[in-house]
Amino acid sequence: MSQQSRGPRRPAKPYRRPQKDPVRLLAFEALRAVDERDAYANLVLPPLLRKAREKEGPDRFDGRDAALATELVYGTLRRQGTYDAIIAACVDRPLREVDPPVLDVLSLGAHQLLGTRIPTHAAVSASVELARVVLGDGRAKFVNAVLRKIAQDDLDGWLAKVAPPYDQDPEDHLAVVHSHPRWVVSALWDSLGGGRAGIEDLLSADNERPEVTLVARPGRATTAELLDEEAAVPGRWSPYAVRLSEGGEPGAVEAVREGRAGVQDEGSQLVALALANAPLDGPDGTWLDGCAGPGGKAALLAALAAERGAVLLASEKQPHRAGLVAKALHGNPGPYQVIAADGTRPPWRPGTFDRVLMDVPCTGLGALRRRPEARWRRRPEDLDNFAPLQRSLLRTAIDSVRVGGVVGYATCSPHLAETRAVVQDVLKQRPETELLDARPLLPGVPDLGEGPDVQLWPHVHGTDAMYLALIRRTG
């Protein structure tokens, strides 16, 4: 066949190199670290942002770029369960058969389409371009096809399709709509005591970006100093708290850089303050933080102790976390000591302390706003692993306090198996103890329940879901 019979040859389409978008590339790298290394986004993002600024220059990777990258990472992680259900409806295979890097690009694209104000065409094209860079042209075509399907409806429309009706399966409905594992929905609902409005409000609060809260460490900084910062407003409940409105950067605050103030959720501050202010019979000179890492509560307790002429011993089992505690306490105005020790086999004598805080290791279900990936990593069986340790540490705390002294048992989880069940089980075996009413020690804080213990909530108090029980040793 002659050349003429074939017709004119079309010129080959020139190959176009994929364009690297540093913001979306950074977000993808963060998601891969969370998936591959079980990293936490709040630990992965800061070094990635610093590296991007060094590479791209401060003028290129400005505040808006950093804010967008942060929103893409945290928004995608918070809504992962919802986006998985939507993506599953748009692919022809089970999600477990989709390569994890491909799923990360699809989830980032879904969040831009359904969870931000980014225009549809920009969300799709930017995601496909990212896929070309990190996955190659072949899989980029798959990403393009799936995202175009997702773009055919908005979030409410998709939820109507993929979430089961509430009246047929309320827990699964809430799990899909609010992007929490079903077992977490069930556990939180039990902790709240029932009612649809409360659980929906709580799950919604878990998906909101939390404010950054600072603590002015007594004797080293004041709230007045922190309030001089741009975007700073007073805390709601703690006299030492200052909140940074959206865009506030704690690293830009001089007192934070110098260690005189720190980043600390207001619920965490309230737990430390309640223990410090609990009524005592007798001396008040020796305090213990028995699970002190990474050091936020210990730094506040040490500062409060210094004001009264008391001494804090901060104990942490993991040596590297004990190092973080030492860093947080450095410069405290009064004496203190930091040791690396196992709280279940303590090196101190029984009855040594006047006040003891035991903020025990737990599932962390009370801090899902700050660590959204934790909801996907935790499993119900984790409760069985924590239970013996939590009970053992509470028993140690009771042994460590003198008669007339006070123990604070705290968790950053509202799960009943980690809160009231632990306290009730241990106190049944310890008749020489009594529960104190913790509510008066959180003055001004509303809706603290029937007591005597206290459960804080993100949707009610704007804090992490901290739990506190105060126990006096009577004999």
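This report describes the strands, salt bridges, aromatic contacts and cysteines of one predicted protein model.

The model is predicted, and for that reason local features need pLDDT of at least 70 and side-chain atom pairs count only at pLDDT 80 or more, while totals for chains, interfaces and linings use all residues. Residues are numbered from 1 along each chain as its sequence is written, and side-chain values use heavy atoms, with hydrogens and water left out.

**Parallel strands around β6**

Helices (H or I, at least four residues) and strands (E, at least two) are DSSP runs, numbered from the N terminus. Strand β6 covers residues 311-316, and 5 of its 6 residues are buried, where buried means under 20% relative accessible area, exposed over 50% and partly exposed in between, with a 1.4 Å probe and protein chains only. Two strands pair if DSSP finds at least two bridges between them. Strand β5 (residues 286-289) pairs with β6 in the parallel sense over 4 bridges, and Trp287 has Leu312 in β6 as its bridge partner. From β5 the chain crosses through helix α16 (residues 296-307) to β6 in a right-handed β-α-β crossover; right-handed is the word used if, with the strands pointing away from the viewer, the path from the first strand over the helix to the second runs clockwise. Strand β7 (residues 336-340) pairs with β6 in the parallel sense over 5 bridges, with Leu313 standing opposite Gln337 in β7. The chain passes from β6 through helix α17 (residues 319-329) to β7, and this β-α-β crossover is right-handed.

**Salt bridges**

A salt bridge is a side-chain nitrogen of Lys or Arg within 4 Å of a carboxyl oxygen of Asp or Glu, and by this rule the count comes to 35. The table gives some of them.

| Pair | Closest N and O atoms |
|---|---|
| Arg308 and Asp284 | 3.4 Å |
| Asp464 and Arg370 | 3.1 Å |
| Arg420 and Asp453 | 2.8 Å |

Arg308 lies in the loop between α16 and β6 and Asp284 in the loop between α15 (266-277) and β5, so their salt bridge ties together parts that are 24 residues apart in sequence. Arg308 is partly exposed, at 37% relative accessible area, and Asp284 is partly exposed at 22%. Asp464 is buried, with a relative accessible area of 6%, whereas its partner Arg370 is partly exposed at 25%. Arg420 is partly exposed at 38%, while Asp453 is buried at 7%. Elsewhere, Arg32, Asp35, Glu36 and Asp104 are linked in a network of salt bridges.

**Aromatic rings**

Rings of Phe, Tyr and Trp (its six-membered ring) pair if their centres lie within 6.5 Å, and planes under 30 degrees apart count as stacked, over 60 as edge-to-face and the rest as tilted. The structure holds 2 aromatic pairs. The ring centres of Trp348 and Phe353 are 5.8 Å apart and the planes stand at 85°, so this pair is edge-to-face. Tyr409 and Tyr467 form an edge-to-face pair, with 6.4 Å centre to centre and 75° between the planes. This pair links distant parts of the chain, with Tyr409 in strand β9 (residues 401-411) and Tyr467 in strand β12 (residues 467-473), 58 residues apart.

**Cysteines**

A disulfide is a pair of cysteine sulfur atoms within 2.5 Å, and a search of the whole structure finds 0 disulfides. The sulfur of Cys291 is 10 Å from the closest cysteine sulfur, in Cys362, which is too far for a bond.
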